[in-house]
Amino acid sequence: MSKLLSKSLKRFAAYAGIVLACSIPVYYFAISTLWHYELDEHNIILTPEAGREDTFFIIGAITLLTVLFFALLLGGFVWLNRRISHRLWQPFYHTLEKIRAFDLSSHTAVDFERSNIAEFEELNSSISRLLDSNISAYRQQKEFTENASHELQTPLAIVQSKLDLLMQDSSLTSAQAQIIEETNNALSRVSRINKNLLLLAKIESQQFLELKDIALSEILQQILDLLSTLFAEKVIHRKIDSSYIVKGNPILLEIMLTNLLMNAMRHTFPRQEIELSLSDNVLVISNPGMHELDRNQLFGRFSTASAHTPGSGLGLSIVKEISKRYLWNVNYSFQNGNHIFEVAF
Amino acid sequence: MKILIIEDEPELAKGMVGYLAGQSYLCELATDYHQAWEKIGTHHYDCILLDLMLPGGNGMKILDQLKAQNKEDGVIIISAKNALEDKIRGLELGADDYLAKPFHLSELSARIFSVIRRKNFANSNFIQQGELKVDLLAKTVEVAGSVVTLTKKEFDLLLFFMGNKNKVISKSALAEHLSGDLADMLDNHDFIYAHIKNLKKKLTEAGSVNYLKTLYGNGYKWQYE
């Protein structure tokens, strides 16, 4: 790949070189013909040695001068061309830089510098229009998710309250109560999906702005304590050896760590071992597994890896979204029959 | 005990009234901002259930005005938004609790129970039920005068049941109450069995009547006449 400026310059230089090369035999021929003509006209007879010497001297001097001026011309030419082109293409490079720095999720429109060249002005306005419509489509999509999730909460609450009331009916049979409980479970899953979608929309629309210094080991310990009452039968080997302080929103950090840990616990059978280690700024959580998971889909939305899991299918996409905001690095790998999630804060 | 339900969704309001009426609460209903404001101005309530998004005005304004008038009514905000800022602002403005939609009616009832308790008994706060005596401030339980040591979760469960006297509570409502947001990420809700079993055992071993009944294999009821 070559740059736009050097592309035109190279051609010019090559052309000048060819002209220079071609001009040498022409000069040689013209000057020697002229020389012989002048000698004949004035009936000057030189010894062959002297004639050759003079011919060489004159041709040499003229060639030298020609090359000198040619070089001067070419150098100036290159310098001028570079200067003019550079200034000419400056708006283009500005535009390029702006587009490169553009981030759709930041919701900020791009301001292009005004240019007095029609083509560039047109380019900028076309790109502006394109970006604006993208930003507004993106925003609408986010707002839609957020609004739809909000609107669903009330009907969900109605269904929930009706089920709770139904449960109070004294003529209820065991089988009917079982159906209510199963409906309850499905309903709580719908509510969770809804809440998680709302959470994702909120993270993406740059809410949760509060920043705090948080000691990773402390927050991990809190979450582990909370989870240990739910997962008494699972073994967690922990090696927390870091006093790393991370800067972020405490709620988001807690959600992210909880999701990662819940994920490991949910996919671990009783009495199997979960390894957790925190050293410096790197957190590694690993749990035993059968197959490697599809890395491309893992962090996507609703990409549940196995059919029997009751999760919302959004846990890891929330992890991804949170880590993206703070530029933390989340990686998945599969080694020696273990799923390994690594977060570099 | 009087409760004002400010909720514009009639079906949801009906559900709440239906459940709470059976709990010896007297429920009144307001379906919009002005109606709510009228009722609050003329009556005293032990607890107000306040939906934030109301036709005619924002529920936050009601909270503002309650505070300006130094009203002592307990307030539980019920919101579809579940936005942290709303929650913080609501609690700052003097709301006692915040419940996000959707919720189990048993959760609502337990929260009302605890808000009313907190409001009415500022210094000493006991619930006496037969031979059972619960100290809400010290978080201790006595059966016929002797102290029973409960874990935090067991104490929590006991209060939840007492706040839902004679109601059938589903396993999923209990699981959600005990594990909060984590409930549905769990493969099963078996962990609540252990807590309930322990609570039952501790109380009956100390000489309490077994108030806690298991129904249909997946529901529980705290039976006390």
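This is a short tour of two contact regions, one inside chain B and one between chain A and chain B. Keep in mind as you click along that the model is predicted.

**Stop 1: the two domains of chain B**

Start by selecting residues 2-120 of chain B, which make up domain 1, and give residues 126-222, domain 2, another colour. If you place a marker at the C-alpha centre of each domain, the two markers will sit 26 Å apart.

**Stop 2: where those domains meet**

Now look at the boundary between the two colours. Domain 1 of chain B brings 12 residues into contact with 16 residues of domain 2 of chain B. About 1100 Å² is buried between these two domains, and carbon and sulfur atoms give 53% of that area. What holds for charged pairs here? The count of salt bridges between domain 1 and domain 2 of chain B is zero. Polar contacts are there to be found, though: eight residue pairs, both members at pLDDT 80 or more, link the two domains.

Which elements should you highlight on the domain 1 side? Select helix H1 (10-21) and helix H5 (105-120) of chain B, the elements that each give two or more residues to the side touching domain 2. H5(B) gives the most, with seven residues. Colour this side of domain 1 by residue type and you will find four nonpolar, six polar and two charged residues.

**Stop 3: chain A against chain B**

Next, show both chains. The contact between them draws on 41 residues of chain A and 39 residues of chain B. The area buried between chain A and chain B is about 3600 Å², with 59% coming from carbon and sulfur atoms. On the chain A side, pick out Gln168(A), Arg192(A) and Leu230(A): these residues lose the most area to chain B, together 16% of what that side buries.

**Stop 4: a salt bridge to zoom in on**

Between chain A and chain B the count is one salt bridge. To see it, select Lys162(A) and Glu11(B), whose closest N and O atoms are 2.8 Å apart. Nine residue pairs in polar contact, both at pLDDT 80 or more, are also counted between the chains.

**Stop 5: the helices on the chain A side**

To finish, highlight four helices of chain A: H3 (118-166), H4 (174-204), H5 (216-228) and H6 (250-266), each of which supplies at least two residues to the side touching chain B. H4(A) gives the most, with 13 residues. Coloured by type, the chain A side shows 15 nonpolar, 17 polar and nine charged residues.

Notes
Residues numbered from 1 in each chain as written. Chains lettered and ligands numbered in written order. Predicted model: local features only at pLDDT ≥ 70, side-chain atom pairs only at ≥ 80, totals over all residues. Heavy atoms only, no water. Domains from an automatic or database assignment. Contact = heavy atoms within 4.5 Å. Buried area = accessible area lost by both parts, 1.4 Å probe. Salt bridge = Lys/Arg side-chain N within 4 Å of Asp/Glu carboxyl O. Polar contact = N/O pair within 3.5 Å; in protein donor to acceptor, adjacent residues only side chain to side chain. Nonpolar A, V, L, I, M, F, W, Y, C, P; charged D, E, K, R; others polar.
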